[in-house]
Amino acid sequence: MSDRTIDPPLSEPPEPVTEPLPPAKTPRDPTQVAVMGLFVIAVLFTLYFGRDVLLPIMLALILSFLLRPCVRGLYRLGLPEGLGAAVMVVMVFGLGGFAVYKLAAPAAEWVNRMPRVVHELEFKLGDIREGIERAREASRQLEKIASDQSGPAREVVVRGPSLAEQVLQQAEAFIANVVILQVLLYFFLARGRQSLEALIGTMRSVDDRIHYAMVAATVQQNIAVYLATITVINFFLGAATALAMWLWGLPNAALWGTMVGLINYIPFIGPAVMTAVLFLVSALTFEGAFNIFGPPLTFVALTTLEGNFLTPMIVGRRLALNPIAVFISILFWGWMWGIPGALLAVPILAILKILFDAHEPLKPIGALLG
C-alpha cells in the first residue's frame, strides 16, 4: 500500500481560510437607504446652487456666535440689544474697511508689478523656462502637422464680456454681499436670541425644550470661545510674521502679516499657500539662497510653533477635531463655496460635531469627527 495520500475530489469546496463574517443583526432596508441617498444628493445640490444665498447666511451666523458675547456685555452695561448689535456691526465693518483702505495701496502695487514679476521669475528660472519653451515648440509642431493633414480649419472666436465689465460685475456682487451680510449680522445679533426662544417654545415636550436649549447654549458657548481663541492666535501670528518679515527686509511686511492672519483660518492649506507666497516674494526681492529661503523658513517655524504647541495648549480638548475630517471639510466646502467656504469649513465642522454629539443616533459620526 502506498504512503501517498489521496487528494479530495475536485467537486468538494475548499475549506475557508478565515471564519465567515457574521451577518448584520439589523440589516438596512434598501428603500430607506435609497431615500437617504436621494436626500443627501438634494442637500448637495441645494448647497451648491444656493451658495449665493446660503453663504452670507452662514457667514453672518458664525460671526454672530463670535460677537454675541460682546453684545451681551454691552447689554449688561445698560445698552439695549438692538443698539449693541448696531455698535458691533459698525465697529467690525469699520475696522475691516480701515484695514482694506490701508492695505489697498500695497496690494495694488503688487498687482501692477505682476508683468515685471513674471519677467524677473523667467530670468531667475531660466532653465525651467527654456524647457517650457521647448515643450511649447514641440506642441506647436505637432499642431501644425495635424492641421496640414486634416486641412485648413476654421477658427471660432467666442467673445465674452470685457475685463472692465467683469470687474464691474464682481464689484457689484461684492458690495451687495457685504450689505446683505451687514443686515443679516445685525438681525442675528439683535433678534437671534428671541427667535431661538420662540422656536424652542413651540415644542410640546418640556424635555425637548430643555434639551434643545442646552444644545443651542453649547453651540453658542463653544463656537464663540473657539472662534475668539483662534482669532487672537491668528492676530498674534500675523503680527509676529509681519515683524519677522520686516526684520528680514521684505517689503510690505504689514500686508503679508495680514494675509497670514486671514489665511491661517484654513488649516494645512493656508500656511502652505502663504509659504509659497513668501518664497516668491523673497525670490523677487533678494539675491542669494540664505536671504531667499530665510523669510519662508521663518514663517514655517512660526506656524509650526503655533500649530503644534500654542493652539493645542490654548484650545485644549474643547473642540479637538479629527485632522482627517478637518482636511476633508476644507476640500468639501472649498469646492462648494470657494475661498469663503474654505474659511468657514472648520467652524461648520465644529458646529456639526456638537449637534451630532447631542443626538444619540448620530453620536458615532460625532466621534468620527473628533
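This talk goes through a predicted model of a helical protein, from the overall fold to a few individual residues.

I'll start with the overall picture. The protein has 12 helices and 0 strands. If you read along the sequence, the pattern is α-α-α-α-α-α-α-α-α-α-α-α. There are 370 residues, and 26% of them count as buried. The exposed area comes to about 25,500 Å², with carbon and sulfur atoms supplying 69% of that. As for contacts, take those with a separation of 6 or more: 70% of them are between residues 24 or more positions apart.

Now to how some of these helices pack. Two packed helices are described by the angle between their axes and the distance between the axes. Take helix 2, residues 51-76, and helix 7, residues 206-248. Their axes are 8 Å apart, and the packing angle is about 95°. Helix 2 and helix 7 are therefore roughly perpendicular to each other. Which residues meet there? On the helix 2 side you have Ile62, Phe65, Leu66, Arg68, Pro69 and Arg72. On the helix 7 side they meet Val219, Gln220, Ile223, Ala224, Leu227, Ala228 and Thr231. Please keep Arg68 in mind, as I'll come back to Arg68 with the salt bridges.

The second pair is helix 1 with helix 11, which covers residues 323-357. Here the axes come within 8 Å and cross at roughly 55°. That angle makes helix 1 oblique to helix 11. Helix 1 contributes Leu44, Leu47 and Tyr48 to the contact, and helix 11 contributes Phe332, Trp333, Trp335, Met336 and Trp337.

Two of those names, Tyr48 and Trp335, turn up again on the surface. Together with Leu38, Ile41, Phe45 and Phe49, they form a nonpolar patch with about 700 Å² of accessible area. Which helix gives the largest share of the patch? That is helix 1, residues 30-49, with 5 residues. Phenylalanine 45 is one of the patch residues, and its place is in helix 1.

Next, charges. Side chains of opposite charge can pair when their charged atoms come close. How many salt bridges are there in this model? The count is 3.

The first one I'll show is arginine 68 with glutamate 81, where the closest N and O atoms are 2.8 Å apart. This pair links distant parts of the chain, since arginine 68 sits in helix 2 and glutamate 81 in helix 3, residues 81-112, with their positions 13 residues apart. Are these two residues buried or exposed? Arginine 68 has 8% relative accessibility, so it counts as buried. Glutamate 81 is buried as well, with a relative accessible area of 10%.

Glutamate 81 also pairs with arginine 193, and there the closest N and O atoms are 3.1 Å apart. Again distant parts of the chain are linked: glutamate 81 is in helix 3, arginine 193 is in helix 6, residues 163-201, and they are 112 residues apart. Arginine 193 is at 36% relative accessibility and so counts as partly exposed.

The remaining pair to mention is lysine 353 with aspartate 357, at 3.0 Å from N to O. Both are in helix 11, and because they are 4 residues apart, about one helical turn separates them. Lysine 353 counts as buried at 10% relative accessibility, while aspartate 357 counts as partly exposed at 31%. Through shared partners, salt bridges join Arg68, Glu81 and Arg193 into one network.

I'll finish with three single residues.

Asparagine 252 has a phi near 55°, which is a positive value in a residue other than glycine. Asparagine 252 is in the loop between helix 7 and helix 8, and is partly exposed, with a relative accessible area of 25%.

Phenylalanine 268 also has a positive phi, near 65°. Phenylalanine 268 lies in the loop between helix 8 and helix 9 and counts as partly exposed at 44% relative accessibility.

Last is threonine 303, in helix 10, residues 289-315. At 13% relative accessibility, threonine 303 counts as buried. What does threonine 303 touch, not counting residues up to four places away in sequence? The contacts are Leu237, Asn264 and Pro271. Threonine 303 and valine 260 are 43 residues apart in sequence, and their C-alpha atoms are 9.5 Å apart in space.

Definitions and conventions. Residues are numbered from 1 along each chain as its sequence is written. This is a predicted model: local features need pLDDT of at least 70, side-chain atom pairs count only at pLDDT 80 or more; totals for chains, interfaces and linings use all residues. Side-chain values use heavy atoms; hydrogens and water are left out. Patches are made of residues with over 30% relative accessible area and no salt bridge: like charges are joined within 9 Å, nonpolar side chains (Val, Leu, Ile, Met, Phe, Trp, Tyr) within 5 Å. Accessible areas come from the Shrake-Rupley method with a 1.4 Å probe; for residues, only the protein chains shown count as cover. A salt bridge is a side-chain nitrogen of Lys or Arg within 4 Å of a carboxyl oxygen of Asp or Glu. Helices (H or I, at least four residues) and strands (E, at least two) are DSSP runs, numbered from the N terminus. Buried means under 20% relative accessible area, exposed over 50%, partly exposed in between (1.4 Å probe, protein chains only). Contact means heavy atoms within 4.5 Å. Axes are lines fitted to C-alpha atoms, for helices over the stretch in contact, and angles run from 0 to 180 degrees between N-to-C directions. Angles under 35 degrees count as roughly parallel, over 145 as roughly antiparallel, 65 to 115 as roughly perpendicular and the rest as oblique.
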